[in-house]
Amino acid sequence: MAASPHTLSSRLLTGWGGACIWYLEGRAMRESPRRFLHLLRNVNQQWVTFQHINFLRRMYVTQLNRSLKQQIKPKPEPAESPFLAKTSLDEAKAEICEMRPLVPSSLSLSRKPSEKALIELEPTSVTEGSIALGKETKEEKQWKEMKLRADDLPGILARLSKIKLTALVVSTTSAGFALAPAPFDWSCFLLTFVGTGLASCAANSINQFFEVPFDSNMNRTKNRPLVRGQISPLLAVSFATCCAVPGVALLTWGVNPLTGALGLFNIFLYTCCYTPLKRVSIANTWVGAVVGAIPVMGWTAATGSLDAGACLLGGILYSWQFPHFNALSWGLREDYSRGGYCMMSVTHPALCRRVALRHCLALLAMCAAAPALDVTTWTFPVIALPINLYISYLGFRFYRDADRKSSRKLFFCSLWHLPLLLLLMLTCKRRAGEEGAGAQQS
Ligand code: HEM
Ligand SMILES: CC(C)=CCC/C(C)=C/CC/C(C)=C/COP(=O)(O)OP(=O)(O)O
């Protein structure tokens, strides 16, 4: 009996379909014989029709994909070389410097007895480091929302406030309060201490808010909280406001209006004058030195007036900042120029070294003038001479031969010179009744 077209086409299809199934069977056989035999057992008992072929084909494809999927191992992420993700050569160079030898034999015999521990640790730490590094680099490349955890907040806010700089600012304010020729009022001192600290935190937070685009270009500041997105600009500005308002209020109504005005003016001077000026003119350093000198408002907090002694103390603070910053900025010239800042060390290197030395010598002169202005006894300039001569010596070395070593020595010397100088001033404070004492002591 002639095959009807329908039968004919279904036979033809059966042929083609059979060929497809045969191919799929072959692949499925190789991939999952057990699964295939089970399926075959069910099929053999029925005629294979066109619809059946389609049904079978769909089943095989599903089965095949499922079984192939189960057999496919997820491909490991390509291990990125940590250096490939480096955005800059110096980051990569820094990375190479941090690499430690893997081979224990490379360790020198002079290593301490804990060498075994070090050897055991080193490969792991290097491996961990590279995994962490690789992972970190991979993560760095992927945008991720920074989740702010409550226990990270204090550290973030401390960095936003430049807490070490604020600590020294508050110390100078406290020294000004204690040096002033007035009775020591503890409640007024605490209000001044807290008010100045809050004002400094506010000023530094606003400064960092304004400088995010530029800080991100500098190695020294690129990890700051706002640059890394650890804190939102809104939260940073809110924090600054929550520091500035109570800080200035404490100084104004808790201490006296003059001190409150000085605190408010200093926040304005630092954030709206000094900060933008850093990108315009090298005069920013002189303005910054005024900002750093105003914390002698501790003196005005104690006396309510800005007298000669306050100006002398302010002058000492003013001059101290030039060796402090000019030396620091010498080692940061590349960073500052990358950040687009106008700094003496970048554009006027000779002036940078000259000014640093000049103000080291000015410190010597101002300390000698302290007894004349009834701020301290004549003992002060004598006992302060060694540290003033030493910072002047380092200033001279920086002036004569400015390099990484001389600039770092001068900067780090400035960090202990100021607190020590203020301490010596305090120990030699002119007491009431001593000859030449200014204000009456009660
Ligand atoms: C012209 C004024 C000043 C400039 C331009 C200046 C600049 C700087 C810079 C750029 C740093 C390095 C900060 C960092 O490591 O990221 C620094 C550190 C420091 N500054 Fe100043 N500063 C000035 C005045 C002051 C004043 C007035 C004080 C305090 C009385 C002070 C105290 C400190 C302290 C304690 C450090 C070390 C702590 C730290 O590294 O954060 N500075 N200064
Ligand atoms: C009472 C009161 C408001 C006190 C403020 C005292 C204060 C914040 C002094 C800062 C002095 C100063 C110019 C620091 C450098 O800032 P920078 O921006 O050059 O430092 P950076 O480059 O590290 O950000």
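## Close-up views of the two ligand sites

**View 1. Polar contacts of ligand 2 in the predicted model.** In this close-up, an oxygen atom of ligand 2 lies 2.6 Å from a polar atom in the side chain of Tyr274. The side chain of Arg220 also takes part, with an N or O atom placed 2.8 Å from an oxygen atom of ligand 2, and the side chain of Lys278 brings an N or O atom to 3.0 Å from an oxygen atom of the ligand. Taken on its own, ligand 2 has 630 Å² of accessible area, of which the protein covers 91%.

**View 2. The residues that surround ligand 2.** The shell shown here is made up of 19 residues, and the closest of these are Lys162, Arg220, Arg224, Tyr270 and Tyr274. Sorted by class, the shell holds eight nonpolar residues, six polar ones and five charged ones.

**View 3. Helices that contribute to the shell around ligand 2.** At least two residues of the shell come from each of helix 7 (163-179), helix 8 (186-210), helix 12 (257-277) and helix 13 (284-293). Helix 8 provides the largest share, with five residues of the shell around ligand 2.

**View 4. The iron atom of ligand 1 and its protein donor.** Here the protein offers a single donor to the iron atom of ligand 1, namely the NE2 atom of His324, which is 2.2 Å away from the iron. His324 itself belongs to helix 15, the helix that spans residues 308-331.

How values were computed: Residues are numbered from 1 along each chain as its sequence is written. Chains are lettered from A and ligands numbered from 1 in the order in which they are written. This is a predicted model: local features need pLDDT of at least 70, side-chain atom pairs count only at pLDDT 80 or more; totals for chains, interfaces and linings use all residues. Side-chain values use heavy atoms; hydrogens and water are left out. A residue is near a molecule or strand if one of its heavy atoms lies within 4 Å of it. A polar contact is a pair of N or O atoms within 3.5 Å; within protein, one must be able to donate a hydrogen and the other to accept it, and residues adjacent in sequence count only if both atoms are side-chain atoms. Accessible areas come from the Shrake-Rupley method with a 1.4 Å probe; for residues, only the protein chains shown count as cover. Helices (H or I, at least four residues) and strands (E, at least two) are DSSP runs, numbered from the N terminus. Ala, Val, Leu, Ile, Met, Phe, Trp, Tyr, Cys and Pro count as nonpolar, Asp, Glu, Lys and Arg as charged, and the others, Gly among them, as polar. Donors are N, O and S atoms within 2.8 Å of the metal (3.2 Å for Na, K and Ca); water is not among the atoms, so sites may look incomplete.
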